[in-house]
Structure formats: C-alpha cells, structure tokens
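These are my notebook entries on one structure. I looked up strand pairing, ionic contacts, disulfides and unusual backbone values in turn.

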Amino acid sequence: MVRTYTSTVVLFNILIIFSAHAQAGLLKTSQQPKSHVSITHSPPSIITSLSSSSPAILSCSAAGSPLPSISWFKNNILISTSRRQTSGLGETSSTLTIPCQEEEVASYACVASAGEETAQATTEVVAEENEECQKLFEVKTWSTTVMVEQGTDVILPCLHQLGSFSLPSYWSLSGVSSSIPDSDKHQSSPAGDLLIRRVTWGEMGLYSCHGGD
C-alpha cells in the first residue's frame, strides 16, 4: 500500500501568525515572533481496550512558531521524535500506533516543541492481555501547511517509523510523480524530511511525501 502525505508551502513577505482558531495576524518582518506552541488535537486521556486484535492509535497535533516538532514518550522514555525546527509557522500532526504492551498500564505522552516552548498531552493505556509483546509500534509525523518568510530555510517533516527504524520515502512537487532530486535547493534526509534552502516564490506549492506501508 502506498501512503502519501502532503505539505503546502506558503510564502509571505511579512510573517503571518495563526491564532488557536486559525485567524491570521500580521507582523512586520523586522520583528521576530516569540516562540509559542499549543496542542490543537489531543489523544484520549485513557484507553482501556488494548489487545492483540485491537491496537491503540493515538493522534496528536500541535500548532506554533517555529513549526512544532512532536516527540512520543512511553513511561517517560523517549520512543520517537521528529526534527526540531528553527523557522516556519504551522501545524504538525503525528500518530502513534500501539499494537501491544507488556505492562498492564502504561503512560504515553505527546510532547510538542517550538523553540524553548513545549506542550503535551498524556494518555493512559490499559492492556486487556498482559503478555510478551513482539510487535513494533508505528509512528507517522507530518505537516499539512507551512508558512515561511522569504529567504529562510524550511524543513518539511515526513517521519514514518516502525520500532526504531525509519522507513524510506521520497518527495514530489505539485502532483508530479517523479521525485525531487537532491540539489543546492532541496535535500532529503534519511529520516524522510525535506530541506528547502532559501525559500523563494518559486518554491511555493504542494509537496507530497510518498512511501510504502
């Protein structure tokens, strides 16, 4: 099965800051916005039905500036993190699929980071079956819309992690099936992120991250 995530890059000569209700405010380019981040979609606070036939899927989204990164923790131990950002405005989403767990009760936290600011949502997962877990958790992290200031670098996240392994992916632009090659302008990371250097009006558009499940 082919999976595709899309990111829209929007360029402005002035920075546009989104509020929690997606309303836009304007900021002069000579000013720098303070870091801010907020959870816009939280997973449930408790799940009581985890079993081998009913995996738990936790969904988490965060908006902020710079573009938020999302990390997942299990019982305060880091299990996945996306790349920290230094620019951009927008929202990052992530899902954590838990196929099983050996503990009867475990705590999972979605932690969003933007600059020095953090926000988190916690879920307590109760397993119906207390036995050895041999399946791997799965994490997918992406952003749908990213706003950047002209001339800055931006990183489009596309993380697909199975256990401790990052699965391969490639990027295309505006529906073109061929992949974007690495160049002085674009560079893909082994984790699946796409770096766009010195963004101009020519880089605006719809970027798609492709991979296989």
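**Entry 1: a salt bridge and its surroundings**

I began with Lys-74, which is partly exposed, with a relative accessible area of 22%. I note here that the model is a predicted one. The value for Lys-74 lies just past the limit, because buried means under 20% relative accessible area.

I then looked up the partner of Lys-74 and found a salt bridge to Glu-103, with 3.1 Å between the closest N and O atoms. Lys-74 belongs to strand 7 (residues 69–74) and Glu-103 to the loop between strand 9 (89–98) and strand 10, so the contact ties together parts that are 29 residues apart in sequence. Glu-103 is also partly exposed, at a relative accessible area of 29%.

How many salt bridges does the structure hold? I recorded two. The other one joins Lys-185 to Glu-203, where the closest N and O atoms are 3.5 Å apart. This pair links distant parts of the chain, 18 residues apart: Lys-185 is in the loop between strand 16 (169–173) and strand 17 (186–188), and Glu-203 is in the loop between strand 18 (194–196) and strand 19 (205–212). I checked burial as well: Lys-185 and Glu-203 are both buried.

**Entry 2: strands 10 and 11**

I next examined how strand 11 is paired. Strand 10 (residues 105–114) runs antiparallel to strand 11, and ten bridges join the two. Within this pairing, I found Ala-121 of strand 11 as the bridge partner of Cys-110. Strands 10 and 11 form a hairpin with two residues between them, and Gly-115 in the turn has a positive phi of about 60°.

Strand 11 (residues 117–127) also pairs with strand 5 (residues 46–50), here in the parallel sense and over three bridges. One of the residues I traced there was Leu-50, whose bridge partner in strand 11 is Ala-127.

**Entry 3: disulfides**

I counted three disulfides. Their pattern is 1-3, 2-4, 5-6 when the bonded cysteines are counted along the chain.

Cys-110, already met in the hairpin, is bonded to Cys-60 with an S to S distance of 2.0 Å. The torsion about this S-S bond is about -75°, so the disulfide of Cys-60 and Cys-110 is left-handed. Cys-60 sits in strand 6 (residues 56–65) and Cys-110 in strand 10, so the bond ties together parts that are 50 residues apart in sequence. Both cysteines, Cys-60 and Cys-110, are buried.

Cys-100 is joined to Cys-133, and I read 1.9 Å from S to S. The link of Cys-100 and Cys-133 is right-handed, with 70° about the S-S bond. Cys-100 lies in the loop between strand 9 and strand 10, and Cys-133 in the loop between strand 11 and strand 12 (138–149), so this disulfide ties together parts that are 33 residues apart in sequence. I found Cys-100 and Cys-133 buried.

The sulfur atoms of Cys-158 and Cys-209 are 2.0 Å apart in their disulfide. With a torsion of about -80° about the S-S bond, the disulfide of Cys-158 and Cys-209 is left-handed. This pair links distant parts of the chain, 51 residues apart, with Cys-158 in strand 14 (residues 158–162) and Cys-209 in strand 19. Cys-158 counts as buried at 1% relative accessibility, and Cys-209 counts as buried at 0%.

**Entry 4: backbone values**

I closed with the backbone, bearing in mind that most residues other than glycine have a negative phi, and most peptide bonds are trans.

Which peptide bond did I record as cis, with omega near -5°? The bond from Ser-65 to Pro-66 is the one I recorded. Pro-66 is placed in the loop between strand 6 and strand 7.

Asn-76 is not a glycine, yet its phi is positive, at about 70°. I located Asn-76 in the loop between strand 7 and strand 8 (77–81). Asn-76 is exposed, with a relative accessible area of 76%.

Arg-198, likewise a residue other than glycine, has a positive phi near 45°. I found Arg-198 in the loop between strand 18 and strand 19. Arg-198 is partly exposed, at a relative accessible area of 44%.

Methods
Residues are numbered from 1 along each chain as its sequence is written. This is a predicted model: local features need pLDDT of at least 70, side-chain atom pairs count only at pLDDT 80 or more; totals for chains, interfaces and linings use all residues. Side-chain values use heavy atoms; hydrogens and water are left out. Two strands pair if DSSP finds at least two bridges between them. Helices (H or I, at least four residues) and strands (E, at least two) are DSSP runs, numbered from the N terminus. A salt bridge is a side-chain nitrogen of Lys or Arg within 4 Å of a carboxyl oxygen of Asp or Glu. Buried means under 20% relative accessible area, exposed over 50%, partly exposed in between (1.4 Å probe, protein chains only). A disulfide is a pair of cysteine sulfur atoms within 2.5 Å.
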